[in-house]
Amino acid sequence: MQATEEAIRSVVQEVLSQLNNRGGYGSAPAGSDGDWGVFNSVDQAVAAATAGQQQLLKATLEDRAKALEIVRQICDTQAEELGRMELEETKIGRLDHKIEKLHLIKSIPGMEFLKTEAVSGDNGISLTEYAPFGVIGAITPVTHSLPTLACNFINMVAAGNTLVVNPHPSGAKIACEGVRRFNQAIYQATGLQNLVTIVGNPTLETADEIFNHRGIPLLVVTGGPGVARAALAAKKRAIVAGPGNPPVVVDETADLDNAAKSIIIGAAYDNNLLCIGEKEVFAVDSIFDQLMSAMGRHGGFQLNAQQVAQLTSLAFAPPKEPGGHAMLNRDMIGKDAAVLAGMIGVNVPAGTQLLYGETDTNNPFVPEEQMMPFVPFVRCRNADHGIELAKEFEHGFRHTSMIHSRNIETITKMGRVMDTTLFVQNGPCGAALGNGGEGYGSFSIATPTGEGVTNPLTFTRFRRSTTVGHLRII
C-alpha cells in the first residue's frame with residue numbers, strides 16, 4: 001500500500017508540474033459544455049456531474065485516489081496564492097489563516113474510511129459495503145469558500161459521489177478557480193471529468209434549484225441559519241452544518257495562562273470566522289480579574305466599559321421587532337482586531353490578536369453569533385452558574401462548547417449538560433478537529449441533522465450483500 005501511495009503522489013506531482021510549466025489550464029475537453037466544471041446553469045452542472053459520476057464508478061480505485069491526492073496537493077502547494085485570492089475577494093479573515101486552512105486539506109480523510117464489513121456463520125456470509133448516493137448538491141459559505149469545497153470534494157468523491165456546488169456569491173470567484181484547477185489536473189492525470197461542478201453565478205434562485213433538482217438525491221449545506229432552514233425544508237435528505245454560538249467556561253481550578261492562550265488562539269483564528277470559535281466566556285468571579293490579566297499577556301487587548309459600549313453600538317443595531325435578534329453590522333465581520341479598535345478611536349499594540357472586555361448577558365455580543373475578533377467576558381458566581389449560562393446562550397444548537405478546569409466532576413457535568421457535538425477541555429476550539437488535538441478535521445460540522453464531524457462515510461449508503469449457505473470457508 002505504501003508503494004502505491006508513493007506512486008500516486010509521484011504521478012500527481014508530475015501532472016501538476018506540467019500544468020504549472022504550461023501556465024495553467026487551457027480549453028476544456030472536447031464535448032464539454034463547461035469551463036472545466038464551471039457552468040452557467042444548475043441543469044448543465046447537474047448533467048455534467050451525473051456523467052462524471054458514471055465515469056467515476058467505472059474508473060479504478062487508484063484513479064479515484066489520484067483525484068483526491070490532486071486536490072490535497074493543489075491546496076497545499078498553491079495555498080499562498082489561493083489563500084490570497086480568497087481574502088482579496090471576500091475581504092474577511094486573515095491571510096495567514098486562509099493559507100493555513102488550505103494546508104490543512106492534506107489531512108482530510110479519504111478512501112481509508114471505506115472498509116467492507118463481513119459477518120459469517122452457519123447460514124453463509126453477509127457483506128456490508130458503502131455505496132455512493134450519486135450527485136450531491138453542496139452549498140458552501142463565504143467564511144471558508146475554497147477550504148469547504150475542497151474538504152467536501154475529498155469526503156464525497158472518496159465515497160464515489162460527484163458534487164454540484166452553489167458557493168456563497170461573495171466567495172464564488174475563488175470557488176470557481178479551485179474547481180477549474182482541480183478538474184483540469186484530474187483530467188490530465190486520469191481522464192476523469194467533472195467530478196465537481198459549480199454554478200458560476202450563484203444566487204438564491206440557483207440554490208433553490210439545487211434543493212429541488214430531481215438529479216440530486218442528497219444535499220450538504222454549510223452556512224448560517226437561513227440556508228440551514230431552507231435545506232431542512234427541502235423534500236430530500238439534507239446534511240446540515242448549521243450555526244453555533246460556542247461558549248467557554250473557566251472555573252477556579254483552571255490553568256489561567258493556558259485558558260487565556262487557548263481562547264485567543266481559537267477566537268482570533270481567521271478573525272473568529274470559525275463556527276466552532278470561542279464566542280463568549282463565562283468565568284467564575286474568584287479568578288475573573290486574573291484571567292483578564294492573562295488575556296493581555298497572550299495577545300489580547302482589553303477594552304474598558306465605555307469602549308465596549310462604543311464597539312457594541314457599531315456592531316449591532318436594535319432588533320426590528322421586540323424580542324427579536326439584534327441586527328449585526330456585516331461590514332465588521334472578519335475584520336482585524338486593529339481595524340475594530342480603530343473604529344472606536346483606540347490604537348492597539350502591533351500583533352494584537354483579539355479584543356476583549358467585561359459585559360453582562362444583556363450585551364448582544366453574548367447571545368449573537370458574531371464573527372469578529374472581540375470576545376465578551378461575563379462574571380459568574382461559580383462553575384455551576386457558568387455552565388447554566390453557557391447552556392442558555394449556546395441556544396440549543398448543540399454545536400461546540402469549551403471548558404477550562406482541572407475538576408473532572410465539573411468537566412463531566414458540563415459535557416452532559418451542554419450535549420454539544422464538539423466539547424473541548426483545556427484547549428482551543430480547533431483541537432476538536434485535529435488542529436492541536438487528536439482526530440480528523442472537516443469544514444462541515446453537521447449539528448442540526450446529527451452527523452457531526454463529516455467524513456467519507458457520511459456521504460454513503462450502507463448496502464448489504466448476503467450469500468446463503470456458502471462462502472464461509474472456516
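In this predicted model, D76 counts as partly exposed, because its relative accessibility is 25%, a value that falls between the 20% below which a residue is called buried and the 50% above which a residue is called exposed. The side chain of D76 meets that of K106 in a salt bridge, with 3.7 Å from N to O, and this is a useful place to start, since the pair ties together parts of the chain that are 30 residues apart in sequence. The points below move from the salt bridges to the strands, and then to some single residues.

**Salt bridges**

- The structure holds 19 salt bridges, and the one between K106 and D76 joins a loop to a helix, because K106 lies in the loop between helix 5 (95–103) and strand 2 (117–121), while D76 belongs to helix 3 (residues 61–77).
- K106, like its partner, is classed as partly exposed, and the relative accessible area of K106 is 48%.
- A salt bridge also connects D289 with R379, and here the closest N and O atoms are 2.8 Å apart.
- This pair links distant parts of the chain, for D289 sits in helix 11 (residues 285–297) and R379 in strand 15, 90 residues apart.
- D289 is partly exposed at 48% relative accessibility, and R379 is partly exposed as well, with a relative accessible area of 30%.
- K413 and D384 form another salt bridge, in which the closest N and O atoms are 3.0 Å apart, and the two residues link helix 15, which holds K413, with helix 14, which holds D384, across 29 residues of sequence.
- Both partners in that bridge are partly exposed, with a relative accessible area of 36% for K413 and of 43% for D384.
- Elsewhere, salt bridges link D35, E81, E177, R180 and R181 into a network.

**Strand 10 and the strands that pair with it**

- Strand 10 (residues 280–284) is largely enclosed by the rest of the structure, because five of its five residues are buried.
- In a regular strand the side chains alternate between the two faces of the sheet.
- For strand 10 both of these faces are covered, with E280, F282 and V284 buried on one side and V281 and A283 buried on the other.
- Strand 9 (residues 247–250) pairs with strand 10 in the parallel sense over four bridges, and within this pairing V250 has A283 as its bridge partner.
- The path from strand 9 to strand 10 includes helix 10 (residues 256–267), and together these three elements make a right-handed β-α-β unit.
- Strand 10 also pairs in the parallel sense with strand 15 (residues 374–380), again over four bridges, and V281 stands opposite F377 of strand 15.

**Strands 16 and 17**

- Strand 17 (residues 422–425) has one covered face, made of L422 and V424, and one uncovered face, made of F423 and Q425.
- Strand 16 (residues 400–404) and strand 17 run in the parallel sense and are paired over four bridges, and F423 in strand 17 is the bridge partner of S401.
- Between these two strands the chain passes through helix 15 (residues 408–418), and the β-α-β crossover that results is right-handed.

**Two buried residues and their surroundings**

- H399 lies in the loop between helix 14 (383–394) and strand 16, and H399 is buried, with a relative accessible area of 0%.
- When neighbours within four places in sequence are left aside, the residues in contact with H399 include G242, P243, G244, C275, I276 and E394, and also T420, T421, L422, I445 and T447.
- I239 belongs to strand 8 (residues 237–241) and is buried, with a relative accessible area of 1%.
- I239 and V220 are 19 residues apart in sequence, while their C-alpha atoms are 4.8 Å apart in space.
- Not counting residues up to four places away in sequence, I239 touches several others, among them L218, L219, V220, V221, A446 and F459.

**A nonpolar patch on the surface**

- L314, V339 and M343 form a nonpolar patch on the surface, and together they have about 230 Å² of accessible area.
- M343 is found in helix 13 (residues 337–343), and M343 is partly exposed, with a relative accessible area of 38%.

Methods: Residues are numbered from 1 along each chain as its sequence is written. This is a predicted model: local features need pLDDT of at least 70, side-chain atom pairs count only at pLDDT 80 or more; totals for chains, interfaces and linings use all residues. Side-chain values use heavy atoms; hydrogens and water are left out. Patches are made of residues with over 30% relative accessible area and no salt bridge: like charges are joined within 9 Å, nonpolar side chains (Val, Leu, Ile, Met, Phe, Trp, Tyr) within 5 Å. Accessible areas come from the Shrake-Rupley method with a 1.4 Å probe; for residues, only the protein chains shown count as cover. A salt bridge is a side-chain nitrogen of Lys or Arg within 4 Å of a carboxyl oxygen of Asp or Glu. Buried means under 20% relative accessible area, exposed over 50%, partly exposed in between (1.4 Å probe, protein chains only). Two strands pair if DSSP finds at least two bridges between them. A crossover is right-handed if, with the strands pointing away from the viewer, the path from the first strand over the helix to the second runs clockwise. Contact means heavy atoms within 4.5 Å.
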